[in-house]
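Let's walk through this one from the overall fold down to a single residue. Have the model open as you read.

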Amino acid sequence: HFFRNFHPIHMPRIFSLFLASLLAAPTLGANTAGTETMTSSLDATGCYAPKAKGGWGFCGPLSCKDAYITCSSKGGGPATVNGTTGTFVSLGGTQYSEATCQSWLERTSAADIQDWNPKGTCDSTCTQKTSGVCSGEFLASVLVGTGVKYAFCNDKWLVISSSGQPSVFDLNLDDIPFPPAGGTNQQQRTGMATLDTTRVGQLYYPLSVTDLSTSTASNNLGVYDVKTGSGQYSYLINSATSTSYGLPSDAGIGMGVNGQSIFPIYNNNAQYTPQKCEVDSCSNHVGQGGGQPHFHGDPFGDQSTTTCLYGPSNYSSGTTGHPPIVGFAHDGHLIYGRYLSDSAPGFAAPLLDACGGHSHTDTTDVDEHGFSLSNYHYHTQAFDAACPSGGICKEGEPYVASSTGPFQCFKADLSAQEGSSALLAATASAAYKSKNQMGYRCCGMSDYYVLNGVSLTDVTAA
């Protein structure tokens, strides 16, 4: 078994500033590893340091500094950076001010979870898988922080249970200019006061995956229960452009290695989230329903003014090496971080497809865990974007956006799976399985990951 005491971050991060100074400078070029254009350096984040460290405290266009709706008296409101002070937003004919600002949505009154042990009996008819992503040694090497409480494989799924707490970096949600609305009549905003640990986040990662031959935004549209673009059982629809994407409109698409939920770069209206001025320095926010924060962009930090989930020091072979694993996609593919050099293994060979992934053409390429990179996998990526008309940011303003892995679609054929986290948004599909149907433990498990204080002790059926 692999146990972990409180261990906030992998050892290499401790030396991040020193290592970063030794690593090769990222490449400046016309492309990312995919088809999106990127004219900034490959390590550009489009994010600003938290207010406490002298920055604006958000990811997105700079004009978001003139889109504040929260109250300065409550720890929100416009920041001042290098002598320039932001302003309150003008929206729908209303010029907001300290007198008309919106307060924070307070957390739910429900008690925090104290007992993270899995419930129920074990299954004596299955045999646990222990190789690849199922290895306890692998899980202990890749999972970080204290958010993940336990992880194990049964015979069909990798199951990870988490509180969703970031734990390896500090949130700065109160710095967000225009956070998601909530509360009565949507007149409050989510922030640090909204956070709670009253629910469990779980990943059901299928161990058997069949990929579609296509990599287009229309992948898997047919499996979703609803075709309206609204709610977690529909796929994303941008009504302004009549564009649909084969990803859930109001649910996650993966889990980070720290146990946080990963959402697409899109908000529930299929628009890039940063242009809505609603994420903090690590691309987090809390949704209208409260709970813990989730990612809407690449959680890449330079580990000096902004420390996020991962950074240059986590590249085991330096920035010219293959990026590290940063998450698990709901369709059963691994998510790796962004490329920082065009000389790294697999860079543009082939280009990342519309789903945000690829399979290396060099079949000898392996990652730091020995996993073959000729197997399909996702990457986060940063790219050029511009503010649209009618938005909160300034029309036409360029900025750097970033994806979270799956970009416009899932690559896996969800209808060919026997359940997955991706199919939890597709309950009418013949491939759907409930959480209880996927989350069982095999009796006699011997290879798994648990945080100290959590037990996977068998409780057999009578």
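Start with how the chain connects to itself: 65% of the contacts (heavy atoms within 4.5 Å) in the protein chain with a separation of 6 or more are between residues 24 or more positions apart. This is a predicted model, where local features need pLDDT of at least 70, side-chain atom pairs count only at pLDDT 80 or more, and totals for chains, interfaces and linings use all residues. Residues are numbered from 1 along each chain as its sequence is written, and side-chain values use heavy atoms, with hydrogens and water left out.

On confidence, pLDDT (the predictor's confidence in each residue, from 0 to 100) averages 91 over the protein chain, and 92% of its residues reach 70 or more. Residues 5-29 are where pLDDT drops below 50, though the model still gives this stretch 47 contacts beyond near neighbours in sequence. Where pLDDT is low, the predicted coordinates shouldn't be read in detail.

As for overall dimensions, the C-alpha atoms fill a box of roughly 65 × 50 × 45 Å along the principal axes. Of the 462 residues in the protein chain, 57% are buried, meaning under 20% relative accessible area with a 1.4 Å probe, counting protein chains only.

Now zoom in on Leu424. How far is Leu424 from Gly252 in space, C-alpha to C-alpha? The two sit 10 Å apart, despite a gap of 172 residues in sequence. Setting aside neighbours within four places in sequence, Leu424 touches Tyr204, Tyr233, Tyr432, Lys433, Lys435 and Met438.

Note on methods
Buried means under 20% relative accessible area, exposed over 50%, partly exposed in between (1.4 Å probe, protein chains only).
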